[in-house]
Each structure stands twice: as C-alpha cells, then as structure tokens.
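Thanks for coming. I will put one structure on the screen and walk through it, starting with empty space and ending with strands.

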Amino acid sequence: MRTFTFFQRVSTAFRNHDSHFKLLLLCTTVTVSGGGLLAYGDAVAASEAALVTEKKKVVVLGTGWAGTSFLKNLNNPKYDVHVVSPRNYFTFTPLLPSVTCGTIEARSIVEPVRNIFRKKKGDFQFTEAECLKIDAANRKVYCRTNISENEKEFVVDYDYLIIAVGANVNTFNTPGVVENCHFLKEVEDAQKIRRTVIDCFEKASLPGLSEEERKRVLHFAIVGGGPTGVEFAASLHDFVNEDLVKLYPGIKDLVKITLLEAGDHILSMFDKRITAFAEDKFRRDGIDVKTGSMVVKVSEKEISTKSLKNGGEIATIPYGMAVWSTGIGTRPFIKDFMTQIGQINRRAVATDEWLRVEGTDNVYALGDCATINQRKVMEDISAIFKMADTDNSGTLTIKEFQAALEDICDRYPQVGLYLKSNQMRNIADLLKESKGDVQKESIELNIEELKTLLSKVDSQMKFLPATAQVASQQGTYLAKCFNRMEDCEKNPEGPLRFRGEGRHRFKPFRYRHLGQFAPLGGEQTAAQLPGDWVSIGQSSQWLWYSVYASKQVSWRTRALVITDWTRRFIFGRDSSQI
C-alpha cells in the first residue's frame with residue numbers, strides 16, 4: 001500500500017511539475033550515457049506534433065455529385081478532411097424519376113458517405129448537420145445538427161473550404177408552390193411522390209365520388225419541360241398504362257397527365273430533332289403538352305396559368321397532384337456568403353477557372369451552387385500582346401503568336417472554340433483572315449489589329465449547365481489539384497500568367513461534354529452525344545441502361561439497380577406505398 005502511495009505521489013508531482021522532472025531526466029541521461037540517449041520521449045512527441053500540424057484541414061460542405069466526386073478522388077493523406085452535410089449518403093439523382101414510379105427502389109440509388117472514404121488513407125470525418133453561415137474572414141463554418149430533434153450548433157475551422165451544397169428549387173416566388181407542389185430534388189421527394197400517386201388512385205376508387213371529382217384527383221400536372229419534368233411525365237405514363245390500369249381497371253380512362261412549359265418547346269437545351277420527336281411522341285401517348293403556359297398561382301386543387309401566346313389569357317386547371325420542376329435557386333446561407341465577399345445580385349457563387357471563389361484565397365465552390373467566371377480575352381489583350389511580343393518590336397509575327405498560342409488557349413478556351421467553329425486549323429489561318437492571303441512569314445500585327453482580329457472570340461463563351469455531369473467533373477478536377485498541391489507549388493503546370501510573373505499552379509478546369517439522355521417512355525430514349533450525333537429509340541434506351549449502371553458510385557448500388565430493372569421486366573413496377 002505504501003509503495004502504491006509513493007508512486008501515486010511521484011506521478012502527481014510529475015504531472016504538476018513536468019518541466020522540472022524532464023530537466024532532471026535530461027541531466028541524468030547525459031550523466032549516465034554521455035549524451036547518447038538524448039533522443040527521448042519529448043523529441044518523439046515534438047516530431048509527431050510537427051507532423052500533425054502539417055496537415056491542412058479541408059472542410060467539405062455537401063455530399064452531392066460535386067462533393068462525393070471530390071471525396072472519391074482525393075488520395076493525398078496530408079489532409080484532415082471533415083465532411084458536413086444534412087444527409088449521410090450520396091444520391092444518384094438521374095434515377096429519381098424511376099423511384100417515383102416503383103421502377104427502382106430508393107435504397108438502390110443511395111450510398112452511405114462513410115463507405116466512400118472508409119478505405120482511404122488519411123483522416124476523414126463526417127458530421128450530419130446543415131451549414132448556417134460561412135465566416136470567410138475568420139475561416140469558420142457555423143453548423144447545426146437536428147439529430148433526434150435535439151438542435152445543437154457548433155463551429156468548424158478550416159484551412160480550405162469546399163462548397164458543394166447544390167441548390168434549392170426555384171419557385172420564382174409563385175404563390176402556393178411551396179405549400180401545394182411536390183419537388184424532385186431528393187430521394188425523400190421521390191418516395192413522397194410515389195405514395196401520392198397511389199393515394200390518388202385509391203381516393204378515386206372510393207365510392208360516392210362524382211366523376212368530375214375522380215377526374216380531378218387523377219389529373220397529374222407537371223410544371224417544367226426540362227429533362228427532369230419530361231422524364232417524370234414519361235415514367236408516370238408508363239407506370240399508369242403498364243401497371244396501374246391492371247389494378248384499377250374501373251378508372252383507367254379518367255387518368256390525365258399535363259406537362260406545362262413557359263417556353264415555346266420542351267427540352268429546349270437538346271437538339272431540335274429531339275425536341276420535335278419528344279413533343280410528337282407525348283401527343284401520341286396522350287400526354288397534354290401545354291407550351292407557352294406560365295404558372296402564376298397554385299391552390300390546393302387548381303393551377304392558374306397565364307398564356308404567353310394568346311395575349312396573357314388566364315386559365316385554371318384542376319389537379320390531383322402537381323410536381324414542380326423549373327430550375328434551381330440559391331440557398332440562404334450562400335446568399336449571405338456572397339454578400340460577405342462582395343458578390344451581390346447573383347444566382348450562384350462566382351469562381352475563377354480553377355474553381356476558387358472570387359475574392360477569397362482558400363474557398364472553392366463547385367456544382368449547382370457555383371458558376372465559373374471565364375475571363376475575357378479583350379480584358380487582357382494588352383498583357384497578351386506584351387507577353388507574346390518577345391522581341392519588343394511592337395508587332396507580332398506568326399512565329400511569336402504561335403509560340404504563345406498554347407498558353408493562350410489554356411487560359412482562354414474561347415480562342416480554341418473560335419478557331420474550331422470557323423474551321424481554322426492554326427493561327428496562320430486566323431492571321432490570314434485579317435491580313436489576306438499573303439506569305440505567312442511576312443504577316444505581322446500591331447495591337448490594334450490584334451484587337452480587331454480577336455474581337456469576336458469572346459462570343460464563344462458559354463455558362464456551364466447545372467448538371468450532375470458538370471458537378472462530377474469539377475469534383476474530380478479539384479481533387480486532383482489537391483493531390484498535387486505541393487508538387488505544383490514547386491513546379492507549376494498551368495498556363496503563363498499574362499498579368500503577372502511565372503505560371504499558374506494548375507491548368508484551369510475544362511468541362512468535357514459526354515452527351516445527355518432524355519428517356520421518353522415506352523423503352524425509347526433520346527441521346528445527344530458529342531459530334532452532333534443524335535439517336536432516338538430502343539437502342540438508345542439500352543445505352544442509357546449501360547451508362548447509368550456503369551456510373552454508379554459502388555458495386556453495391558450497381559447490382560441493386562440492375563436487379564431492380566430485371567425485376568421490373570419480369571414482375572412489373574412496385575405499386576405499393578412502402
């Protein structure tokens with residue numbers, strides 16, 4: 001007992017006066033071993049502490065396409081990664097319309113976030129919470145968690161912040177939309193729509209209802225003629241005509257599907273051939289397509305529309321279920337963040353070509369919540385001319401321009417697009433357009449002639465669409481930049497800085513369009529692929545199956561999706577409300 005008390009006292013004294021004991025230990029070590037054992041525990045601890053402090057803390061907001069793609073491709077163990085999102089899973093959003101009609105189960109298109117980085121090297125942490133505010137000046141993120149109905153707010157510090165929170169549904173402040181319409185952004189939305197569709201059929205089957213009321217209940221209105229609205233309309237039509245009519249034969253002739261679009265055509269972002277085919281097919285299938293109809297109000301049982309073709313005529317449409325799919329809006333804390341950094345009256349956060357938020361050094365934004373501000377050639381034309389004029393002669397020869405062309409095209413992709421759209425093979429063709437058909441060795445341009453020559457180049461600039469494909473590529477690009485951050489600090493690989501010294505660390509982000517699909521029902525899909533190639537029919541449907549199966553984030557979800565498709569072919573769609 002005395003021995004224990006003695007060691008307990010020594011331990012307490014060591015904790016309270018550790019510096020004195022360490023000095024005593026050091027002197028004893030030097031006396032006994034002549035300094036041979038000076039590498040004692042403090043040195044090891046200091047070394048470990050140095051390693052820990054070397055890690056930069058990366059906070060990722062969101063687990064959608066952009067955030068998940070970043071996490072999947074981040075392979076540098078020198079980062080301490082903290083993921084914050086109100087959902088602890090990733091959703092394969094292109095298949096949400098299939099969930100609404102029982103073709104695919106919800107669990108088949110979601111993957112737990114922890115599964116994605118479970119086997120990765122490095123420190124990864126996930127917190128299920130929503131972001132309330134970003135304090136860019138102090139590098140802090142204010143969050144709140146609602147787990148088990150216990151609200152708790154906390155603060156997360158960061159060295160680098162990745163904003164990948166997506167966007168809200170844009171209601172355009174239309175009265176009644178939030179209270180009466182369904183949205184299709186999350187897996188919970190798809191499940192709710194599925195239950196409501198079955199509820200409408202069950203309600204219409206109740207005795208005592210008038211035929212007019214049954215028609216209203218079985219009238220499904222879809223607002224928005226974009227890819228999501230069109231695919232949902234097609235999926236619902238197939239669900240009704242291939243499955244539900246067998247279960248509710250007495251009311252099958254009362255079902256009506258209406259697609260409302262404010263523009264002149266549905267699928268306006270697709271090739272005109274696809275747009276024409278889709279509109280014609282929907283008419284043949286009995287889907288009522290109303291173009292030029294802007295929704296101005298939604299009540300509990302009626303939708304009010306304003307015709308943009310017939311002098312603004314107002315019409316009311318009774319409905320049983322309404323789905324709103326008309327674009328994206330900005331989240332409240334993103335608006336607050338944009339105000340902090342001086343980006344006012346914008347739809348999305350403005351970033352440079354490296355996805356870094358303009359006005360910050362360590363904040364990146366990608367996906368639907370951000371847009372890239374591509375710098376214009378004409379803004380830097382003087383700096384470009386000065387950099388390319390290596391002999392300071394005041395004119396540019398074709399040799400000088402050609403030497404700088406690669407860096408110019410890397411920094412300003414619209415130059416390459418302009419050359420391609422005008423079928424110009426190289427810079428000589430561009431110069432000949434200005435100087436005429438003369439010997440290329442004698443072609444020279446002064447700065448005013450260069451301005452005239454490149455005056456139309458910036459017209460090739462286009463904003464990237466808010467799609468899963470763009471967000472995924474941005475996440476992959478940014479992860480690769482973070483993987484090579486240290487190497488590129490020492491050996492930059494980007495284009496020349498026309499307004500500064502040296503080169504940029506990385507090559508700027510470049511979106512590569514791989515094509516887009518528009519399922520139109522009846523095992524027919526429209527595909528628009530690179531090279532202006534358009535395919536419509538069952539062959540495109542099978543291409544859609546193969547692409548969407550291969551793009552799943554895990555083998556688990558890939559197997560489940562294929563199993564669901566197989567089950568649907570054999571047994572039909574699931575018409576239960578579960």
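A cavity here is a set of grid points where a 1.4 Å probe fits but cannot get out, while a pocket is an open set. This is a predicted model, so please read what follows as computed from it.

By that rule, the count comes to 1 cavity of 30 Å³ or more. The space in this largest cavity is about 50 Å³. Which residues line the largest cavity? One stretch of the lining runs Ile328, Gly329, Thr330, Arg331 and Ile334, and the others are Gly166, Ala167, Arg347, Ala348, Asp368 and Cys369. By type, that lining divides into 5 nonpolar, 3 polar and 3 charged residues.

Now the open space. The second largest pocket has a volume of about 520 Å³. Its lining has 27 residues, and those that lie nearest the centre are Asp352, Glu353, Trp354, Arg411 and His504. Charged residues number 12 in this lining, next to 10 nonpolar and 5 polar. Helix 18, residues 468-483, supplies the largest share of the lining, with 4 residues.

Next, the overall build. The protein comes to 21 helices and 26 strands. It has 578 residues, of which 46% count as buried. If we take contacts between residues at least 6 apart in sequence, 62% of them join residues at least 24 apart.

How many residues does the largest nonpolar core have? The number is 93, and Phe70 and Phe482 are the ones with the most contacts inside it. Helix 10, residues 227-247, gives the most to this core, with 9 residues. Another core lies apart from it, with 25 residues, among them Cys131, Ile134, Val141 and Ile341.

Back to Phe70. With neighbours within four places in sequence set aside, Phe70 is in contact with Val58, Val60 and Ile162, and also with Gly475, Leu478, Ala479 and Phe482. Val58 and Val60 fall in strand 1, residues 56-61, which runs parallel to strand 2 and is joined to it by 6 bridges. One of the pairs across these strands is Val59 with its bridge partner His82 in strand 2. Strand 2 itself, residues 79-85, is mostly covered, with 6 of its 7 residues buried.

One helix is worth a look for its packing. Helix 13, residues 381-388, has Ile381, Ala383, Ile384, Phe385 and Ala388 buried. An α-helix has 3.6 residues a turn, so residues three or four places apart point the same way. What do the buried residues of helix 13 pack against? Their partners are two helices, helix 14 (398-411) and helix 17 (447-453), and two strands, strand 22 (396-397) and strand 23 (444-445).

Last, a hairpin. Strand 24 and strand 25 form it, with 2 residues between them. In the turn, Gly522 has a positive phi of about 65°. The two strands pair in the antiparallel sense over 5 bridges, and strand 25 covers residues 524-529. Phe517 has Ala527 in strand 25 as its bridge partner. Why is strand 24 described as largely enclosed by the rest of the structure? Strand 24 is residues 516-521, and 5 of those 6 are buried, so the rest of the structure largely encloses it.

That is the tour, and I can go back to any part of it.

Note on methods. Residues numbered from 1 in each chain as written. Predicted model: local features only at pLDDT ≥ 70, side-chain atom pairs only at ≥ 80, totals over all residues. Heavy atoms only, no water. 1 Å grid on protein atoms, 1.4 Å probe; cavity = no way out; pocket = protein on both sides within 12 Å on 5 of 7 lines; lining within 4 Å. Points joined across faces, edges and corners; volume = space filled by probe spheres on them. Nonpolar A, V, L, I, M, F, W, Y, C, P; charged D, E, K, R; others polar. Core = buried A, V, L, I, M, F, W, Y, C linked by side-chain atoms within 4.5 Å. Buried < 20%, exposed > 50% of the residue type's maximum accessible area, 1.4 Å probe, protein only. Contact = heavy atoms within 4.5 Å. Pairing = 2+ DSSP bridges.
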